[in-house]
Amino acid sequence: MANAGNEIAFKKETVAKLLTRSFKEDKTKVSSDAVVLVTEMMKVFVEEATRRAVKQASSEDCDTVDIEHFEKILPQLLLDF
């Protein structure tokens, strides 16, 4: 990847909000450790999706990655995770 130095980051507040939106009861809480773990898993997921999309674009002799490349790798990516 050309921009391998770029770091993927998610705000912990955003991840916590996403998690709490899926809870059925308002009393359910999420621990800070759980937020850190989910944040790390999201980071790994995005990094892997990026790698696969770059590889797909490369196999099609494209210099840039388009949404079509991501759409092609998405089914297998979801099965792997």
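The protein chain contains 3 helices and 0 strands. Followed along the sequence, these elements give the pattern α-α-α. The model is a predicted one, and confidence in it can be stated in numbers: the mean pLDDT of the protein chain is 89, with 94% of its residues at 70 or more. Within the protein chain, helix 1 has the lowest confidence, at a mean of 91, while helix 2 has the highest, at 94. As a general caution, predicted coordinates should not be read in detail where pLDDT is low.

The overall dimensions come next. The C-alpha trace of the protein chain spans about 50 × 25 × 20 Å along its principal axes. Its radius of gyration is 16 Å, whereas a compact globule of 81 residues would have a value near 12 Å. Of the 81 residues in the protein chain, 14% are buried. Contacts between residues distant in sequence can also be described: among those joining residues at least 6 apart in sequence, 50% link residues at least 24 apart.

The packing of the helices may now be considered. Two packed helices are described by the angle between their axes and by the distance between the axes. Helix 1 covers residues 12-21 and helix 2 covers residues 32-59; the two pack at an angle of about 100°, and their axes are 9 Å apart. Because angles of 65 to 115 degrees count as roughly perpendicular, helix 1 is described as roughly perpendicular to helix 2. From helix 1, the residues that take part in this meeting are Lys 12, Val 15, Ala 16 and Leu 19, and their counterparts in helix 2 are Val 35, Val 36, Val 38, Thr 39 and Met 42. By character, the residues of this contact between helix 1 and helix 2 comprise 7 nonpolar, 1 polar and 1 charged.

One participant, Thr 39, deserves a closer view. Thr 39 is placed in helix 2. Its relative accessible area is 11%, so Thr 39 is buried, the cut-off for that class being under 20%. When neighbours within four places in sequence are set aside, Thr 39 is in contact with Phe 10, Lys 12 and Val 15. Of these partners, Lys 12 and Val 15 are among the helix 1 residues that meet helix 2.

Further along helix 2 stands Lys 55. Lys 55 has a relative accessibility of 65% and therefore counts as exposed. Lys 55 and His 69 are 14 residues apart along the chain, and their C-alpha atoms are separated by 8.9 Å.

The loop between helix 2 and helix 3 holds Asp 61. The phi angle of Asp 61 is near 55°, which is a positive value in a residue other than glycine. With a relative accessible area of 71%, Asp 61 is exposed.

The path then reaches helix 3, which runs over residues 67-80 and includes Glu 68. At 43% relative accessibility, Glu 68 is classed as partly exposed, a category that lies between the cut-offs of 20% and 50%. Glu 68 and Met 41 lie 27 residues apart in sequence, and the distance between their C-alpha atoms is 24 Å.

Note on methods
Residues numbered from 1 in each chain as written. Predicted model: local features only at pLDDT ≥ 70, side-chain atom pairs only at ≥ 80, totals over all residues. Heavy atoms only, no water. Axes fitted to C-alpha atoms, helices over the stretch in contact; angles between N-to-C directions. Helix = DSSP H or I, 4+ residues; strand = E, 2+ residues; numbered from the N terminus. Parallel < 35°, antiparallel > 145°, perpendicular 65-115°, else oblique. Contact = heavy atoms within 4.5 Å. Nonpolar A, V, L, I, M, F, W, Y, C, P; charged D, E, K, R; others polar. pLDDT = per-residue confidence, 0-100. Buried < 20%, exposed > 50% of the residue type's maximum accessible area, 1.4 Å probe, protein only. Rg over C-alpha atoms; globule rule 2.2 N^0.38 Å.
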